[in-house]
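Hi,

Here is the structure I promised to send over. Have a look at it first, and then read on for what I found.

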Amino acid sequence: MNKLNNSQGLKIPENYLVTPAYVFFLIHSMQVGVGILGFEKYLVEKAGFDAWVAVLIAGGILHVILWMIYRLLQNGGGDIVEIHKRIFGKYVGGFLSLLFCAYFTLLAFTVLITFIEVIKVWVFPGLHVWVFTFVLLLLVYYLVSGGFRVITGVCLISVIIGLPILLLKYFPVEAGHTMNIYPVISHSVPDILAATKNSILSFIGLEFLLIYYPFIKDPQKSKKWAHYGVFYTTMIYLISVLVTFVYYSEEQLKQVVWGTISAWKIVEFPFIERFEFVGIAMWLYVILPNICLGLWGATRIPKRVFKVKQKYMVILFCIALYFPAVLIDGRPMIDSVNNWSGQLGLYVLLYIPLLLILKTITDKVRKRT
Amino acid sequence: MKKQWLFLMMVSVVLLNGCMPSRSVEENAIVQIVGYDVGEEERIQGTVSIPQYGKSEDKQAASELYLTVEADSTKDVEVEIQKQSSRPISIGKLAVTLYSKELAENDLADFIDVLSRDPRLSRNMFLGVVEGSSKDLIEGGYTQDETTSKHLQGLIENNTLYNFPSTSLHDFLYAYYAQGMDSFLPLLKKHETFVELSGVGFFKRGVLVAEIPDSAIFTFKMLKENFIKGMQEIPFEGGVIMMENIGSNVDYSLSGPTDNPQFDIKVKLKAEVNEMSGIKRDASPELAKEMEEKFAEFFNKEGKELISLFKEKGVDPLGLGNFAKTRRGDFDLTQWRDNYSELEVNVKVDVEITEYGIFS
Amino acid sequence: MWKWKRKDKQQPEKQQQTKKQSGSLSEFIQAMKQSEDFVHYELSGSTRCTISYLKTMCDSKILNRSVLTTLNEESLHTLHDMQERIPVENVRVTSKLDLIEEKVMFGYIMIQRHETDEEVVLVPAISLESREVSIPEVEFSVVGPKEAFVETLNTNINLIRKRLPLPQLTIKELNVGKITKTRVSVIYIDGVVNQDNVDTVTQRLKGIEVDQLIDSSFVTQIIADNSNSPFPQLLDTERPDRVVSNLVEGKVAIIVDGSPHALTCPTTVVEFFGASDDYFLPWHLATAFRLIRLFAVIFSVLSTPLYVAVLTYHHEMIPAALMATIVSSRSDIPFPPILEVIVLELTIELLREAGARLPTKIGQTIGIVGGIVIGTAAVDAGLTSNVLLIIVALSALASFTTPVYQIGNTIRLIRFPFIIGAQLWGLIGISMCMVFFIGHLIKLQSIGRPFFEPLYPLRIKDLKDAFIRLPFNKQTERPVLMRTEDPQRMNPSRVNAKRDIDE
């Protein structure tokens, strides 16, 4: 709609682009991470068994934010770096973009350490974290070095492999108490809003659209896929919440750290029992897109701001992730990192409407001059 | 070239250091039953059973190894047993945990905390309370199955399909932690060559406070959950009728104000009668009608008795409070507890006899 | 890095060759005279001329009946007279030295007016020794055509052409190999194929820098997009019918002279698990067999790693009923599961390798001896457990269900990283290995087209003939992968025309 803005956008060669439908997988797989394994606890603390409403509200809010992100990118000339540059100028804009880079890195880091903690708690209490993290990061480097298309592929595979895990929800439902779910809302609005806030924390991830937007072919066509993605995530979260509500009693759930993994324990087949091991192993597929896309997004920002080679940035960031990940230990510390990244994610989501307003204003001003 | 060397070095470092300390399955002492008794001087006595699997030819666990130790806590039991075992103890496949009645009447809270915390344990594990010493029960040696663990597991699992309400570690923990719900466990009793499921024990938090005999289990299960099997013996005109359940449906409903609620428990039972001993009448629709009424009366009475027992002991294994909590937004737990003994609960059982077997 | 070095080394070689080519014809003849089978003499009949040929490469029938008779009976004075009179097809007159050299080496008869003349007549008298067209042995199928390619390029092209009698079938020929100068044909159907694919293939073939090209598998390895990958990126087949159906789908085929295997590209990983049998059976049966094959492959790769992972780290996962079986069969074994598995897997590989190297009759014996004698003996001696023996034997068997031999090798070898992963971190290690291979497959390309195709990029249309095979009337379009110029196979409206009852 505006010639000035469209003239100097970021152009990515055709063969690195992905078709709009993949936005569905990108958004969904980035949203679902380690959070889903134990987020019910934080909801129940605030709103009890009425928390399912909070999940729906959070989903709705995210649809609005997604709409805003698309508005923001529509004629923003590419990604967040470009938008920042146009609104705030080279230096302030660059600085803000670097904050995003830090945020993305923190997200990747959070997922990494939480997954390692899950393994330590559930499978190998004596895990050699430094070797395991090293190999895991090597794997991440291998995937990220393949570029955005490979990461998209990993997202797709993760969604496909995640599907059979969903079927396991049948077992807790069968063993559970369906009368726990009853559409009477006994909690106050502030309680539910607090739970909404908590559930948004596990929904973050769609802001990566800000950085991979230029990699989408016909980006405007991807809108509906993105919304489908958010909707699908909301549904999966809703199902998870309902299943854990059926399976656990309210007070019990407040004490269960990893609700979903505990529920896997009861899955039994004639040839295999104790499904949590398989579940955790399969969860690697679900968290890898998080780490890969996080790292890719984080390293792409310096590339765009400073024009450095992304290849070296990925190595640098891997090393930067490695040492803290090895050193961090213990539930309280990991919990607080999770909280920080959640809070930061919330601010980022709040920052998007602000950015949209600023952008509209600057666009108007520029048009006039 | 340098790159390849670096890669090789990395691989070898990972291989040498990455491996977890591991033991293959057969090198572990796989504990299948743990039993706890009251020990001397405030300590607890733990007994474990470890199956000894036979060599190549006979594929079954031929024997069991029993180890008994005195310890201060559950974890300490594991430590003490380790001292007596030539192989590392693995509690991942623990199938049955038993507590002696004495211990249960004292308090099980500490044990339960460990049970809910340990990630190695299966949530499908069975818990049970032993009348007498759990050590004796574990070491009993039963002829039906090769090992005690198999015997106990089979016993409880099989019975939950019939008269016994479903029970497992998860069910226990669910009720234990839930507000307005109390847990129950099967009572086990050792006989010469077998173990008998002698009744149900009801807990208030971690303390065993009440129990019902074998004969009332059917009624309890009927009030607690829907099920499709099970049998109950009912006296009828001087004789006895075996009633076979082929589908029982229970429905709770709540009415009245929150501070003085009223519960209605409606049970619809479809039954089959195959055996009438001591009754000198021919099967006829009239007889069926009479039986239905008689049965309903029987169950109503039994149900009332159960409920009054629960009220008297202040336990709520049916989870009425929990139910009220999900239905009423302004549910208050302390108020509920105070009012529980005066709570009005109506039991209404409706019996329908549909079949008389293949001979009429 | 070393690619660049290799190029550097070849530079002087090239110069040498050009120097040699600039020599004269007499030098060539002198060089050839070193060989005993080179015949060079002067003919003193009605036509006076010098005749030279390689007697091992020439068909003596043509030489005696057509060439010598004509030269002796008629008096021919110019080379052009000879070209007209000699009753052999495609006789040509030339003075190009490199052409002469090449043709003589292939069995052409060279006729000069005088020994010193630079211009010669070349008479084709090639005698080709070749195997009869026989039944396919690697990709055998119970029903369907029973012809397999042989080592002669012309025969192979003949096998293809007779199935595709249309002018659009284009065959481009190149010579590859510095010393062997092997003929390589690129075959495609013009108007169906995407020209980009043909260009990529020809460009890569032209770019091959190698001294000898013995077999088509050389080409697979050299022109692969990632030559370090264990996965073959070109499909090789010995069945002309398979090549033809690939050509019709819009693929490009490469045939190398001297190799009984044709290559087709671009290909996808799924295609390696499809047999030609799949098209000869009704679609639901074919689908079932394909799924069984897919399951077999997954089983083959994952069964032993899972055994290691579960027995070493996650024995909680074994149900109580199975526990007795596994523990009692393991109870005598002195080794940890990882060692047991590696030893047994290597034994199976050993048997396969020995069986493959020996003549068929002895090979079978080895198989039986290995399978039965060593297997039972190992169990009796308490070196391996019964359970593992079953698993390993089954997984070996499963790896042979792959219809394409090349991918079978890959399947058998990639399980070793999985086993190591399982020993490192149990199921999570297996998962990590799997992620690596999936990532690798996503990265791979077959002549520039995605190798992991119907899965990623996800193309629902191509999934119709991937893990399942839908009936022919549902497959009205050519695979998207090839980006063909003519995507329509047939008229879908006519194929799927609905008819009412009794019409």
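What share of the 503 residues of chain C counts as buried? The figure is 39%. Please keep in mind throughout that this is a predicted model.

**Chain C as a whole**

The C-alpha trace of chain C spans about 100 × 70 × 45 Å along its principal axes. Its secondary structure comes to 17 helices and twelve strands. If you take the contacts in chain C with a separation of 6 or more, 64% of them are between residues 24 or more positions apart.

**Strands 1, 2 and 4 of chain C**

A good place to start zooming in is strand 2 of chain C, residues 48-54. Five of its seven residues are buried, so to speak of it as mostly covered is fair. Strand 1 of chain C (residues 38-44) runs antiparallel to strand 2 of chain C, and seven bridges join the two. The connection between strand 1 and strand 2 of chain C is a hairpin through three residues. If you would like a pair to look at on screen, C:V39 stands opposite C:Y53 of strand 2.

Strand 2 of chain C also pairs with strand 4 of chain C (residues 108-112), again in the antiparallel sense, over three bridges. Here C:T50 has C:Q112 in strand 4 of chain C as its bridge partner.

**The annotated transmembrane regions**

An unreviewed UniProt entry places the feature "transmembrane region" at four spans of chain C: residues 291-313, 363-381, 387-406 and 418-442. I looked at two of these spans in the model. For residues 291-313 of chain C, the end C-alpha atoms lie 31 Å apart, and the span is 96% helix and 0% strand. For residues 387-406 of chain C, the end C-alpha atoms lie 29 Å apart, with 75% helix and 0% strand.

**Where chain C touches chain A**

Between these two chains, 20 residues of chain C are in contact with 26 residues of chain A. Helix 16 of chain C (residues 405-443) gives the most to the chain C side, with 13 residues. By class, that side has 14 nonpolar, four polar and two charged residues.

**Where chain B touches chain A**

Chain A is also in contact with chain B: 27 residues of chain A and 22 residues of chain B take part. On the chain B side, the elements that give two or more residues are helix 1 (2-18), helix 7 (169-177) and helix 10 (320-327). The residues on this side of chain B divide into ten nonpolar, nine polar and three charged.

**The two domains of chain B**

Chain B is divided into domain 1 (25-212) and domain 2 (226-360). Their centres, taken over C-alpha atoms, are separated by 31 Å. The contact between them involves 16 residues of domain 1 and 18 residues of domain 2 of chain B. On the domain 1 side, strand 9 (195-204) and strand 10 (207-213) of chain B each supply at least two residues. Strand 10 of chain B gives the most to that side, with three residues. The domain 1 side has ten nonpolar, four polar and two charged residues.

**Confidence in chain A**

Which stretch of chain A has a pLDDT below 50? That is residues 1-8 of chain A, and beyond near neighbours in sequence this stretch has eight contacts in the model. For chain A overall, the mean pLDDT is 87, and 97% of its residues reach 70 or more.

Happy to talk it through whenever suits you.

Best wishes

Terms used. Residues numbered from 1 in each chain as written. Chains lettered and ligands numbered in written order. Predicted model: local features only at pLDDT ≥ 70, side-chain atom pairs only at ≥ 80, totals over all residues. UniProt positions renumbered as here; feature names shortened; annotations may be inferred. Helix = DSSP H or I, 4+ residues; strand = E, 2+ residues; numbered from the N terminus. Contact = placed C-beta atoms within 7 Å. Nonpolar A, V, L, I, M, F, W, Y, C, P; charged D, E, K, R; others polar. Domains from an automatic or database assignment. pLDDT = per-residue confidence, 0-100. Buried ≥ 20, exposed ≤ 12 C-beta atoms within 10 Å, placed from the backbone. Pairing = 2+ DSSP bridges.
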